[in-house]
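Work through the exercises below with the sequence and the structure at hand, trying each task before reading its solution.

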Amino acid sequence: MTHSLVLSQKLDCLAKSLAKDIALSQDALLQKKWILVPSSSLKEWLVCQLAFHLPGFIGYRIASLEEFTKSFLDSSFPTETQMVSSVYNVLEKRVDLSFSFSSLFFEYGKYLLLEDQDFQIQCLNQIVQEEGFRFLKDVWMGDTYENAPIYCFGFDFLPPLAWSFLIRHGSVFFYAFSPCMEYWGDVSSDRERRALSRFWERKKASLATWGTLENAFLKEPPLLANLGKLGRETNKILDEFDFTVKEEYELSEKTTLLSRMQKDILSFETSPLFVDDSISICKVGSSLLREVENLYQEILFFHLEKKIPFSQMTILAPNIEPYIPLIESLFSHSNPSIPYRLIHVPERSSFRLGLEKLLSLAKKWSLDVLISLFENKSFSSSQRWDDQTKEKMVLFLKEIFSLSSDWKEGIFLFLEESLTLVSGKKTGGISLSEIESFEEFSSLLRSLYEDLQKLLEPKNWMDFACFFEELQKKYLSVDEEEDSRSFSSFLETLQEFKEAFFSLKRQEKYPFDIALKLLQKPLFGSIQAGHLHAIRIGSIEEGNVVPSDVLFLIGMDEESFPRKSFCPSMNLLNGRLEAQSHPFRGGVAELSDQFAAKNLPPMTGAKNLSLSKGEFFKKEPVYVPDSYDVDRYLFLKAFMNVSSYLRMSYRHLSLEDGSEVSASLVVQDLLQMLPFSICRTLPSEKEEKLDAPCCFCLKAPVDTKLTQDMTLSLSDLVFFARHPWRYYLEKVERLFLKRRFSPSFMMKRSSLLRSSLDASIDVVLEETIDESLGLFKEAFSLDAKEKYLEREGFLREWGQEIQAISFLETAGFPKKTGSFLEIPPIEWEVDGYKIRIVGDIPYALQEGALYLGDDKLPSLLKSWPEILATLVGLQKTNLYFLKTKKVKSIEDPLESLKKFTMYYLRTCTQLSPLISDWADVLLRNGESFPEEIEDIHVNWVLERLELPSMISLKKDWEWLSDVFSGLISLYPSRKESHATV
C-alpha cells in the first residue's frame with residue numbers, strides 16, 4: 001500500500017497536485033474512492049479546483065472524516081439523541097449537564113481517554129455498558145478494512161488515532177499545508193521561550209549556554225514561531241509514519257512587503273523589510289457600519305483601479321454574523337453593487353426561522369414572537385394568507401394585546417368593543433365585514449396555544465417525533481427550493497428520535513427542553529453559492545481559508561481574535577495530558593500493541609516500534625489543541641495564501657465608553673516584525689465632510705414628523721436634557737472625552753446623600769467615605785449625617801415614603817410590590833403614529849415627583865423629563881423639593897412631556913443650545929452667556945463651534961419658550977420666587 005504526503009504553503013498548489021495524482025492513478029473505474037476534507041466550505045472550493053484542473057473526474061466521493069467514519073458504523077455507535085437520553089437518565093435528569101456530557105463522550109473517544117478513575121469516565125463507562133454503545137476509539141480501532149484509495153486534503157490537525165485509522169485503509173495520500181520548507185519542528189513561541197529561559201535560569205546555566213540559546217531564538221522567524229504551534233504538533237504525529245514525501249512549494253518572484261515576509265517564513269530566514277501598500281491595517285473607530293463602509297470602498301478600489309476580479313477576493317472575520325445584515329444592505333443596494341456569497345453560515349431559511357419562532361412560543365407566549373411568526377413566510381403560506389390577510393392578522397394581534405396582556409381577555413374586550421354603540425356609532429373593534437376574518441384569527445390563536453401547551457408535557461421520543469410532524473404539517477409549509485436543507489435536517493432529527501425510541505433499553509419520558517435543543521442544532525450552508533465570480537465571505541475557520549489575490553480580515557481586535565475557548569470546564573482534555581496519568585500517551589507504538597492484542601492487521605508505516613511501552617510513554621504526551629492555537633495557525637495559513645494584498649481592520653474604540661481597544665495578538669505579532677507603521681486611523685464622517693476648524697453649528701432644526709411608531713427610553717431623554725452636547729458627541733458622533741476632575745466637597749456629599757436613599761447613612765459612610773479627606777473626614781461625616789436627618793424630617797412631615805417606578809411594556813396595569821411600582825408605558829399619538837416612553841425612575845413619592853437638586857431653573861432642567869414622566873405615571877401634579885422642603889405644582893404634566901419629546905425628536909441628531917449654563921439666557925431672557933464654563937464637553941465643542949450672536953440665537957430658538965412653558969412657569973421672574981403650595 002502507498003502512503004504519500006504532499007506539502008506546500010499554497011492550497012492551490014496542493015489542489016493541482018491532487019488533480020495530477022488522480023489523473024495518474026490506476027484505480028478501477030467503479031472502485032469506491034474517497035476525498036476527505038475538514039469542512040463543507042473547503043469541499044465546495046476543492047470541487048471547483050478539480051473541475052478546472054481535471055475535467056470530468058468521476059467515481060470520487062468528497063466527504064468529511066465524520067462521514068467517512070459513519071460508513072463503518074453500526075447501531076452500537078450512539079446518535080446524539082441516544083447519548084443525551086442515556087446521560088439524562090443517569091445524571092438525575094439535568095438538561096444542560098446531559099448535553100455537556102454527551103459532547104464529551106464523542107470528544108474523549110478521539111483520544112482514548114477511557115480508563116481514568118474520574119467520575120466522568122466512570123459515568124460514561126456505565127452508560128456504555130448499560131446501553132451496549134461503542135466509543136469512537138472502538139470504531140477507529142475496529143476490524144473494518146477497506147482496500148480503497150483515500151485522499152486527505154487540507155487537514156491541519158487530527159488526533160493520532162484518526163491518522164492510524166486512515167493509514168489502515170488502502171493507499172492514503174495526504175495533502176497538507178506547510179508554511180516552511182525547512183525543518184521547523186524545534187522553533188519556540190514567545191511563551192515557550194520564556195518557559196525555557198526560566199528553566200535554564202533555575203539550572204544556573206553558563207553565559208555560553210545563554211548565548212547559544214539567544215542566537216537560536218534570533219534565527220527563528222517570529223511569525224512562524226508564535227503562530228505555528230498546531231503545525232509543529234501535527235508534524236510530530238506525521239513523523240511516526242513512513243510517508244513518501246513530495247514538496248510542492250511555490251516561490252514568488254514578487255518583491256512586495258507581503259511576499260518578502262511570506263518568503264522569510266517559507267525559507268526560515270529574516271531579511272530587511274521595506275514599506276509598501278501590500279499590507280495595511282485600518283482603525284475604524286467604534287462603528288461596525290463604518291468598518292463595512294471602508295471595506296466596500298477598498299473592494300471597489302481593487303476591482304476598478306487594480307482590475308482584480310471579485311472572485312479573487314475573500315473577506316473573513318472571527319465572527320461574520322454581526323456583519324451579515326450590513327454587508328447585505330450595503331453590497332446589494334449601493335451603486336455599484338458588489339456580488340458576494342456567504343460561506344458556511346447558519347441556515348436562515350423561512351422554514352427554519354418559522355420552526356424556531358413556533359417552538360419558542362411554547363416557552364414564552366408574547367406579542368413580539370407571535371408577530372414574527374405570523375409574518376414568517378413558511379407559517380403564512382401554510383395558512384394560505386395573501387399579503388393583505390397577513391397584515392390584517394398582525395393588526396388583530398396588536399389590537400388584542402393593546403387591550404390586555406392576557407390574549408384571551410384581549411379577544412373578549414375586542415369583541416365587546418365591536419358590539420358597543422355610542423350615539424349609533426361603534427367606538428372601536430371591527431366591522432361586520434371583518435367578523436369572518438377575526439373568527440379565523442381567534443380560532444388559529446386558540447389552536448396554536450392549545451397545541452403548544454401539549455408540547456410542554458414530557459413525552460417519549462416517538463411521541464415527540466409524531467407530535468412535531470403534526471405540528472409542522474399544520475403550521476409550516478416547505479418551499480422545495482429554499483427550505484430543502486433545513487427541512488431535511490428536521491426530518492433527520494425526527495428519525496433520530498424514532499431510532500432512539502426503539503434502540504434505548506429504558507423507555508423514559510423526556511422534557512421539552514431536550515427535544516428543543518436537539519431540533520435547534522446549528523445547520524451551516526452557503527448562501528448565494530451560485531455566484532462563482534463573487535467575493536467569498538465567512539468566518540475564520542478551517543475550510544474558509546483559501547488562496548486569494550486580496551484578503552480582508554475584519555473585526556481583528558484583541559477581544560475577538562484569537563477566540564476564547566468555550567470548552568466546558570469539566571473537559572479532561574483541556575491543555576496537554578500528562579503521560580503518566582492516562583492510557584495511550586505513546587503514539588503509534590502503543591497503538592500497535594493494542595492492535596496486536598486484538599489480532600487486527602498491523603499498522604503499516606509505524607516507526608520506533610523497538611521502543612518499549614514505558615519509554616514511549618515518557619517521550620510523547622498527547623497534544624489536544626485549544627482554540628488559541630487553532631486560530632493562530634489559521635491566521636498563519638491565511639497570511640501565506642494571499643498573493644497580492646492583505647487588508648486588516650478593527651474597531652479600536654469601545655462602543656460602551658470609547659476607551660482604546662488593542663489589535664488582535666496575531667496582528668500585534670505582525671506589527672512587532674516591522675520597523676515602520678502600516679496602520680491608519682479612519683477619520684469620522686464629520687472629519688471627512690468638513691475641513692474647516694469650525695465643524696459644529698447651532699442652526700435651528702426644521703420641524704419633524706413621525707413616519708413610524710416610536711419607543712423612547714426615559715434614560716435617553718434624561719441624558720439629553722442633562723447635557724445635550726455630551727449626548728450629541730457620544731450618541732451621534734461616537735466621540736468620548738475623558739473627564740479628569742476631582743469631585744468637590746459638595747459633590748461628594750450629594751453623591752453620598754443620594755446613596756443613602758437606598759441604605760442607612762451609617763452603612764453608606766462606612767462603604768464610600770474617602771480616606772483622602774484626612775482631618776476633614778469626621779467633619780464630612782457629621783455634615784452628611786446632619787443633612788440626612790434634615791431630609792428624613794421632610795419626608796416624615798410630608799407623610800410619604802420613597803418608591804421606585806418602572807414603565808414596562810409588559811405591564812398591563814399598575815402593580816405595586818413593596819416600594820417598587822410597575823406602570824404601563826406612557827403613550828400618545830402624533831400624526832397617526834404612537835409614541836411610547838419606557839424606563840425606570842429610582843426615586844419618587846406616592847403623591848408626586850421627588851427632586852433632589854437645587855431649586856433653580858438650570859438645575860431643574862436636567863431632570864425635567866424624569867419629573868414629568870413621574871407625574872404622568874402617578875397622575876399627580878405636585879413636585880417635592882427634598883433640599884428646601886418646598887412643594888410646587890406643575891400644570892398639565894402630560895402636555896409638557898409631549899412638548900419635550902417632540903423637542904428631543906427634532907433636535908437629538910444635532911446640537912441644541914439649551915445647555916444648563918445658557919438656560920437663563922434662552923428661557924428667561926438673561927443678559928449674557930457666562931464667560932467661563934467648567935465642563936470639558938462644552939469647552940471642547942466651543943473650540944470648534946461657529947457661535948452666532950445672542951440676538952440671532954434667541955430668534956432661531958425662541959420656540960423653546962413654548963416647549964418649556966411649564967418649567968418657566970415655576971420660575972416666572974429671575975427676581976421673584978414662585979409661590980409654593
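Helices here are DSSP runs of H or I with at least four residues, strands are runs of E with at least two, and both are numbered from the N terminus. The model is a predicted one.

**Exercise 1. Backbone in the loops**

Find where P336 lies, and say what kind of peptide bond leads from N335 to P336.

Solution. Begin with the position: P336 sits in the loop between α15 (324-333) and β9 (340-346). Then read the omega angle of the bond from N335 to P336, which is near 5 degrees, and the bond is cis. A second cis peptide bond can be treated in the same way: F561 and P562 are joined with omega at about -5 degrees, and P562 belongs to the loop between β14 and α25 (587-597). Finally, turn to phi at F268, which is near 60 degrees, a positive value in a residue other than glycine; F268 is in the loop between α13 (257-267) and β7. These places deserve a look because most residues other than glycine have a negative phi and most peptide bonds are trans.

**Exercise 2. The pair α22 and α23**

Describe how α22 and α23 are oriented to each other, and list the residues that make their contact.

Solution. Two packed helices are described by the angle between their axes and the distance between the axes. For helix α22 (residues 461-475) and helix α23 (residues 484-503), the axes come within 7 Å and cross at roughly 155 degrees. Angles over 145 degrees count as roughly antiparallel, and α22 and α23 are therefore roughly antiparallel to each other. The handedness of their crossing is left-handed. On the α22 side the contact is formed by W461, M462, F464, A465, F468, E469 and Q472, and on the α23 side by F487, F490, L494, F497, K498, A500, F501 and F502. Sorted by class, the residues of this contact of α22 with α23 comprise 12 nonpolar, 1 polar and 2 charged.

**Exercise 3. Two partners of α21**

Work out how α19 and α16 are each oriented to α21, and what classes of residue make each contact.

Solution. Take α19 to begin with: the axes of helix α19 (residues 387-403) and helix α21 (residues 435-455) come within 10 Å and cross at roughly 70 degrees. Angles of 65 to 115 degrees count as roughly perpendicular, and α19 and α21 are therefore roughly perpendicular to each other. The crossing of α19 and α21 is right-handed. In this contact K392, M393, F396, L397 and I400 of α19 meet S437, F438, E440, F441 and L445 of α21, which by class gives 7 nonpolar, 1 polar and 2 charged residues.

Now take α16, whose axis comes within 9 Å of that of α21, with a crossing at roughly 75 degrees. That angle makes α16 roughly perpendicular to α21. L358, L359, L361 and A362 of α16 make the contact with L448, L452 and L455 of α21. The contact of α16 with α21 consists of 7 nonpolar residues, with no polar and no charged ones.

**Exercise 4. Enclosed space**

State how many cavities of 30 Å³ or more the structure has, and identify the elements that line the largest cavity and the second largest cavity.

Solution. A search of the whole structure finds 6 cavities of 30 Å³ or more, and the largest cavity holds about 70 Å³ of space. It is lined by 13 residues, of which N294, F552, R647, M648 and S649 are the closest to its centre. At least two residues of this lining of the largest cavity come from each of β7 (279-283), α14 (288-304), β14 (548-553) and β15 (642-650), and α14 supplies the largest share, 4 residues. The classes in the lining of the largest cavity are 7 nonpolar, 3 polar and 3 charged residues.

The second largest cavity has a volume of about 60 Å³. Its lining consists of R352, L355, S486, S489, F490, T493, L518, L519 and K521. The elements giving two or more residues to this lining of the second largest cavity are α16 (350-363), α23 and α24 (512-519), with the most, 4 residues, from α23. By class, the lining of the second largest cavity contains 4 nonpolar, 3 polar and 2 charged residues.

Conventions. Residues numbered from 1 in each chain as written. Predicted model: local features only at pLDDT ≥ 70, side-chain atom pairs only at ≥ 80, totals over all residues. Heavy atoms only, no water. Axes fitted to C-alpha atoms, helices over the stretch in contact; angles between N-to-C directions. Parallel < 35°, antiparallel > 145°, perpendicular 65-115°, else oblique. Left-handed = near helix turned anticlockwise from the far one by under 90°. Contact = heavy atoms within 4.5 Å. Nonpolar A, V, L, I, M, F, W, Y, C, P; charged D, E, K, R; others polar. 1 Å grid on protein atoms, 1.4 Å probe; cavity = no way out; pocket = protein on both sides within 12 Å on 5 of 7 lines; lining within 4 Å. Points joined across faces, edges and corners; volume = space filled by probe spheres on them.
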